[in-house]
Amino acid sequence: PEYSSRPELVRTPYRAAKAWREMTAGLRIEDPLEVVGKGIFDVPEARDLVAIRDMPFHSMCEHHLLPFSGMAHVAYIPD
C-alpha cells in the first residue's frame, strides 16, 4: 500500500500548487488592453464582415484539470 507520510510525498501538495499556478498564470491578466495592444481600434465607416482565422489558443479543462490547445476562427459585423 501507499503511505502518504512517505518522505517523497511530503512536498507533493506544494509541488502540485506551484504547477497549477504556473499552468494558469496566463489567466490572471491585470489589464486586458495591455494584452491586445493596438488590436482594438475604431473605424467608423466599417460595415463589412470581419473574419479572423487561425488564432492559436491555450487553455485549461476545468473538468479534467489538463491543458489543451487549438485554433479559433471568429467572424463578426462591426456595430
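**Close-ups of a predicted model**

**View 1. F57 in strand β1 and its ring partner.** F57 lies in strand β1, and everything in these views comes from a predicted model. Zoom in on the ring of F57 and you'll find the ring of F68, with the two centres 6.1 Å apart. The planes meet at 80°, and edge-to-face pairs are those over 60 degrees, so this pair goes down as edge-to-face. The count of aromatic pairs comes to 1. The pair ties together distant parts of the chain: F57 belongs to strand β1 (residues 50-61) and F68 to strand β2 (residues 66-76), 11 residues apart.

**View 2. How F57 and F68 meet the surface, and a backbone neighbour.** Are these two rings tucked away or out in the open? A bit of each: F57 is partly exposed at 31% relative accessible area, and F68 is partly exposed too, at 38%. Buried would need a value under 20% and exposed one over 50%, so F57 with its 31% sits in between. While you're here, check the backbone: the C-alpha atoms of F57 and S69 are separated by 5.6 Å, although the two residues are 12 apart along the chain.

**View 3. T24, a buried loop residue.** T24 sits in the loop between α1 (12-23) and α2 (32-36). With a relative accessible area of just 8%, T24 counts as buried. What does its side chain reach? A polar atom of the T24 side chain lies 2.8 Å from the backbone oxygen of W20.

**View 4. A nonpolar patch on the surface.** Five residues make up this one: I29, L33, V35, V36 and I40 form a nonpolar surface patch. Together they offer about 470 Å² of accessible area. I29 is found in the loop between α1 and α2. Its relative accessibility is 43%, so I29 counts as partly exposed.

**View 5. The salt bridge between R6 and E8.** How many salt bridges does a search of the whole structure find? The tally is 1. Here R6 and E8 join up, and their closest N and O atoms are 3.1 Å apart. R6 is partly exposed, at 29% relative accessible area.

**View 6. R11 over the ring of Y14.** Last stop: an arginine and a tyrosine. R11 lies over the face of Y14, and the distance to the ring centre is 4.4 Å.

Definitions and conventions. Residues are numbered from 1 along each chain as its sequence is written. This is a predicted model: local features need pLDDT of at least 70, side-chain atom pairs count only at pLDDT 80 or more; totals for chains, interfaces and linings use all residues. Side-chain values use heavy atoms; hydrogens and water are left out. Rings of Phe, Tyr and Trp (its six-membered ring) pair if their centres lie within 6.5 Å; planes under 30 degrees apart count as stacked, over 60 as edge-to-face and the rest as tilted. Helices (H or I, at least four residues) and strands (E, at least two) are DSSP runs, numbered from the N terminus. Buried means under 20% relative accessible area, exposed over 50%, partly exposed in between (1.4 Å probe, protein chains only). A charge sits over a ring if NZ of Lys or CZ of Arg is within 6 Å of the ring centre and within 35 degrees of the ring normal. A polar contact is a pair of N or O atoms within 3.5 Å; within protein, one must be able to donate a hydrogen and the other to accept it, and residues adjacent in sequence count only if both atoms are side-chain atoms. Patches are made of residues with over 30% relative accessible area and no salt bridge: like charges are joined within 9 Å, nonpolar side chains (Val, Leu, Ile, Met, Phe, Trp, Tyr) within 5 Å. Accessible areas come from the Shrake-Rupley method with a 1.4 Å probe; for residues, only the protein chains shown count as cover. A salt bridge is a side-chain nitrogen of Lys or Arg within 4 Å of a carboxyl oxygen of Asp or Glu.
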